Amino acid sequence: MTSTGTHDLGDGPLYEREDALRLAASEVRRARSGSGRLVLLRGATGTGRSALLEAVAAHGAAQGLRVLRARCSAERRDTEFGALSHLLEPQRGEPRRSERQPESASDGLTAARVADRLWRLLRDRAAAGPLLLAVDDVHLADTASRRFLAEAARRLDTLPLLIVVTERGQYDVAAPVPGLAHTLSSTLVRSHVLAPLGRGSVEAMVRDRLGARAADAWVDGCVRAGAGSPLLLRALLDDMSAPTPEGSAPARFPESCADLYPGAYAAAVTWWLENAGPETAAVARALADLAHTTGAGFAQEAPADLDLVAGVAGADPARVAGWMTAMVRLGLLREDGERGQLRFAHPLLRDAVLDGWRRAERQAAHREAAAHRQRRGDPADAVAAHLLHAPATGAPWAVDSLRDAAATAVRTGRTADAVTLLRRALEEPVPRARRAEVLTELGSLELASRRGSGIPRLTEALRLREDPGERVQATVALGHALARRGEARAAVTLLHDLEADGSLTGRPVPARTVRLASVILSDHDRDVRREVYDGLRETAEHSPALVGPAERALLVRYEATAGLLSADAAMLRVRALLSADEDPQLMPYLLGTAAAVAQWADALDEAERLVRHGLAAYRLPPLHPMYPALRNTQWDIAAARGDHARLLAEFERREGGSDRAGNLPAHALLALVETGRLAAAARLAAEVDVRDAHDTWELNRFLYARGVLRAASGAFQEAVDDFLESGRRQTARDVLSPVVTPWRSAAAECLLALGSPQTALPLAEEEYRLASVWGTPRVLGRALRVLGAAGNGRRGLELTAQAVETLRGGGADTELAAALIAQGRRLTAAGQRLQARALLREAAAVAERAGSVRLLGQAEQALRTGRPRLRATHHSGVDALTESELRIARLAADGRTNAEIAALLHLARRTVETHLTATYRKLDIRGRTELPSALDAAPPTRLSLRAVRSPSPSASPCTPSTDQQPGALAQ
């Protein structure tokens with residue numbers, strides 16, 4: 001119906017019931033004329049059948065009809081004529097029962113005779129004056145009463161007797177008992193179906209009760225949460241208009257029953273479910289809870305979804321499908337999503353459906369759902385989602401599902417979810433060995449995510465291990481946990497004690513595992529690192545049979561960082577080791593070490609393949625020593641490629657605190673500096689307290705990154721302090737090569753800015769010496785650039801030119817841009833401005849291609865310094881545009897809005913508008929529609945704008961390059 005008219009009735013108006021009232025009025029007139037009929041008012045629970053019946057009775061009484069009322073109930077359904085027997089009681093003016101004949105089956109009469117007496121009684125009363133019999137909820141009537149009404153409908157046409165009956169008409173999960181609508185033909189009954197209220201009526205009800213507070217959002221919420229049901233709407237409005245104990249009404253539309261007071265809405269929904277029957281209630285609650293648990297609705301057309309809901313509720317899937325269709329028509333459910341997934345129309349309605357569900361029943365439903373999904377082979381994530389809400393099942397598959405789901409969560413970066421899943425797995429009764437496995441995984445994750453210490457779990461896991469191989473696994477995990485906490489010596493001692501107790505005698509693979517883990521974990525302490533590597537070199541020299549490919553790869557890594565090997569020699573040895581036979585349990589150590597060396601050697605594709613293989617093929621737990629090593633190498637590769645966006649995204653997805661001086665925070669800091677976001681970089685650096693950090697290689701990396709930030713911010717002396725401290729710590733570890741962190745060249749640049757070339761030159765020379773040993777274009781070109789900056793006259797110009805030639809085609813775009821800027825400045829100082837401008841323009845293009853806003857700003861600044869008015873002879877046309885104006889104009893010509901340009905370049909929208917206004921004036925055009933043709937005369941694009949993310953800062957020319965070769969495997 002579209003009408004929103006109302007009919008006043010005692011406690012409030014009736015909305016959208018004019019058609020029903022007109023039908024009743026017509027039948028009242030017909031009854032007064034001597035010809036009655038049965039009128040059937042049908043509607044779903046809560047649509048206002050009883051209120052409408054009362055309105056009809058009031059209208060009949062006003063028209064002179066005598067009104068008799070009967071209300072059917074479930075309590076009297078088993079009593080013959082339980083709904084109508086009270087009509088046999090004498091009315092006012094009639095003789096008392098003691099003066100009359102027996103009138104009921106309980107008095108010894110048959111049902112047929114009671115029906116006959118009842119009919120004669122109604123007929124006699126109608127003869128005395130028009131009569132209206134109002135019978136409410138006939139679907140709850142006993143069989144005899146319902147049969148009587150059906151028979152009476154066939155005799156009413158000659159009597160001034162109108163019978164108005166209400167009956168629930170809705171699709172319930174349980175098969176319904178045939179009602180009067182199915183028993184009588186349309187010629188004997190006038191039927192009317194009550195539809196849910198439309199939006200207009202709901203809005204009228206809301207504004208009538210809530211007044212000015214009823215914003216459109218509140219009306220929308222009431223439309224969805226009330227589903228057009230007068231019962232639910234009135235209860236909801238009662239709650240929202242009632243004063244709370246605090247004396248204030250809700251400031252926003254409620255999302256859960258906890259937001260409602262005093263709770264009329266939840267009670268109304270529970271009443272609706274109880275009247276719909278236990279089967280319907282079970283299906284409704286299963287749908288509400290299971291859909292919320294899985295994070296998705298249920299597709300009615302998907303047999304698997306229907307099967308799950310029906311299986312949990314113990315219902316017929318066909319009836320469940322029918323019920324869902326009916327609830328969509330009533331507005332209680334709605335289709336959402338591409339698959340037509342069904343959800344309750346509002347979160348408040350879903351919450352109210354679950355409000356009356358006992359905890360034990362809810363847990364049982366989830367246990368059944370988990371078992372059902374497991375039987376049909378659903379993914380472990382789906383099974384585990386239900387197990388989290390169910391008590392222990394005692395089934396072996398439960399632990400498997402939870403562990404598999406936890407592994408998936410770890411792979412997708414959801415460590416907190418994985419911790420929750422494994423904690424739930426510990427609630428299942430499992431054998432000793434399985435419990436140790438779960439404890440090891442859980443302790444590892446808790447330490448990695450800093451959610452609990454994790455060490456007590458690892459200690460318990462170690463106590464439960466009996467097999468020597470399993471004891472090694474647990475000991476390595478516990479050792480890793482201790483090392484990450486700054487107790488590297490305790491970790492290595494724990495591993496050495498395991499090796500010394502004799503349990504690994506005759507077991508070469510576990511023994512080698514302990515040795516390899518000791519080397520990796522020693523990287524968390526410089527003194528322990530030297531001791532462990534001394535022992536490894538001695539073993540390799542005197543007992544070479546005990547040293548396999550993985551250990552030899554670690555020795556290659558050591559020599560590379562100590563400045564004893566060239567990149568070519570290191571890769572030659574590493575590739576030979578990769579082709580040698582190695583035990584599968586030890587392959588992660590070999591792959592991770594080889595990947596780190598390959599990344600330093602700029603064999604980035606090869607390094608990435610090794611990392612992917614190491615992570616995918618062996619499914620390492622977080623506390624396997626090579627898991628963080630491989631992840632760190634992944635980040636190092638991204639940094640070497642200038643993939644700032646990926647590094648920042650990884651940092652945002654991290655779990656645990658951001659106050660640890662780790663490798664990823666260091667990379668994020670460098671990426672923020674490189675993309676010109678110095679304020680964000682400063683906030684990140686301020687979160688990390690390096691004073692409490694333990695002596696790990698990651699602290700050295702972070703000190704270098706903080707030095708880069710300070711140099712970019714102009715704090716050169718503080719930057720020098722950071723660079724020298726990082727270098728001191730690395731040198732104490734025998735890590736000398738600039739392939740790890742180029743702290744010498746970075747410090748030298750800052751010293752030059754401070755006016756101390758005599759101090760800068762030895763640092764630059766030492767870096768060049770070590771870079772010449774390693775020999776890759778990246779480290780050698782960087783060293784040549786800084787040495788050239790520290791040099792004088794022609795020698796400095798020659799060195800910067802040599803740096804450019806070394807870096808061209810080497811894949812290190814950030815270093816190439818820095819070298820081009822350095823040579824451009826040298827040429828400008830030498831008076832060769834034409835050649836300098838060409839190099840600086842190239843530097844700007846290379847910096848933009850690399851996504852380096854920092855270097856882009858330096859290149860533009862150098863261009864302005866070399867020629868203060870580069871376009872002094874051009875006051876109009878494309879050549880008159882500044883770099884920023886041309887960049888914004890090209891984006892506008894491509895169809896981007898001002899807001900999009902501002903977001904892309906991290907500018908204020910007003911700044912974009914100002915630049916475009918100046919551009920239109922210089923190009924002599926009227927607006928952005930003429931930009932494409934006006935820019936056709938432009939020279940080749942100086943900036944393609946790929947990866948530019950913020951405005952160019954006026955960075956200092958001595959800001960150290962962030963295009964370093966970081967090393968993940970501990971320096």
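Start by selecting Ala227, which at 7% relative accessibility falls under the 20% cut-off and therefore counts as buried. The model in your viewer is a predicted one, and Ala227 is a good place to enter it with the backbone shown as sticks. Ala227 belongs to the loop between α7 (216–226) and α8, and its phi is positive, at about 55 degrees, although the residue is not a glycine.

**Around the largest cavity**

Keep Ala227 selected and add the other residues with which it lines the largest cavity: Ala44, Thr45, Thr47, Pro196, Gly228, Ser229, Leu232, Trp272, Leu330 and Leu332. What is the volume of the largest cavity? The computed value is about 80 Å³, and a search of the whole structure returns 5 cavities of 30 Å³ or more. Rolling a probe the size of a water molecule over the atoms shows where empty space is left. If you colour the lining of the largest cavity by residue class, you should find 7 nonpolar and 4 polar residues, with no charged residues among them.

From here, move to the loop between α8 (230–241) and α9 (264–276), where Pro262 lies. Select Tyr261 together with Pro262 and display the peptide bond that runs from the one to the other: this bond is cis, with omega near 10 degrees.

**A second positive phi**

Next, go to Asp734, in the loop between α33 (716–732) and α34 (743–753). Asp734 also is not a glycine and has a positive phi, here of about 65 degrees. Is Asp734 buried or exposed? With a relative accessible area of 21%, Asp734 is classed as partly exposed, because the buried class ends at 20% and the exposed class begins over 50%.

**Helix α31 and its surroundings**

Now select helix α31, residues 678–687, and pick out its buried residues, which are Ala681, Leu684 and Ala685. Turn the view until you look down the axis of α31: the buried residues fall within an arc of 100 degrees, so they line one face of the helix. Arg683 and Ala686 are on the other side of α31, where they are exposed. To see what the buried residues of α31 pack against, add α29 (644–652), α30 (663–674) and α32 (697–712) to the display.

**Three residues within helices**

Select His366 in helix α14, which spans residues 359–375. His366 has a relative accessibility of 1% and so counts as buried. Which residues does His366 touch, once residues up to four places away in sequence are set aside? They are Asp289, Leu290, Thr293, His386, His389 and Ala390, and showing these as sticks around His366 gives a view of its surroundings.

Continue to Gln634, found in helix α28 (residues 626–640), which at 14% relative accessibility is counted as buried too. Leaving out neighbours within four places in sequence, the contacts of Gln634 are with Val611, Leu615 and Arg646. A distance label drawn between the C-alpha atoms of Gln634 and Ala607 should read 8.6 Å, for two residues that are 27 residues apart along the chain.

For the last of the three, select Arg123 in helix α3 (residues 111–128), a residue that is partly exposed, with a relative accessible area of 35%. Draw a second label, from the C-alpha of Arg123 to that of Arg155: the separation in space is 10.0 Å, and the separation in sequence is 32 residues.

**The whole chain, and where to be cautious**

Finally, clear the selection and show the whole protein as a cartoon, in which there are 44 helices and 10 strands. Of its 971 residues, 55% count as buried. Among contacts between residues at least 6 apart in sequence, 68% join residues at least 24 apart.

Recolour the cartoon by pLDDT: the average for the protein is 84, and 88% of the residues score at least 70. Where does pLDDT stay under 50? One such stretch is residues 97–106, for which the model has 20 contacts beyond four places in sequence. Another stretch to select is residues 868–874, where the pLDDT is below 50 and the model has 11 contacts beyond near neighbours in sequence.

Technical notes. Residues are numbered from 1 along each chain as its sequence is written. This is a predicted model: local features need pLDDT of at least 70, side-chain atom pairs count only at pLDDT 80 or more; totals for chains, interfaces and linings use all residues. Side-chain values use heavy atoms; hydrogens and water are left out. Helices (H or I, at least four residues) and strands (E, at least two) are DSSP runs, numbered from the N terminus. Buried means under 20% relative accessible area, exposed over 50%, partly exposed in between (1.4 Å probe, protein chains only). Contact means heavy atoms within 4.5 Å. The arc is that of the directions from the helix axis to the C-beta atoms. On a 1 Å grid over the protein atoms alone, a cavity is a set of points where a 1.4 Å probe fits but cannot get out, and a pocket is an open set with protein on both sides within 12 Å along at least five of seven lines; lining residues have an atom within 4 Å of a point. Grid points are joined across faces, edges and corners, and a volume is the space filled by probe spheres set on the points. Ala, Val, Leu, Ile, Met, Phe, Trp, Tyr, Cys and Pro count as nonpolar, Asp, Glu, Lys and Arg as charged, and the others, Gly among them, as polar. pLDDT is the predictor's confidence in each residue, from 0 to 100.
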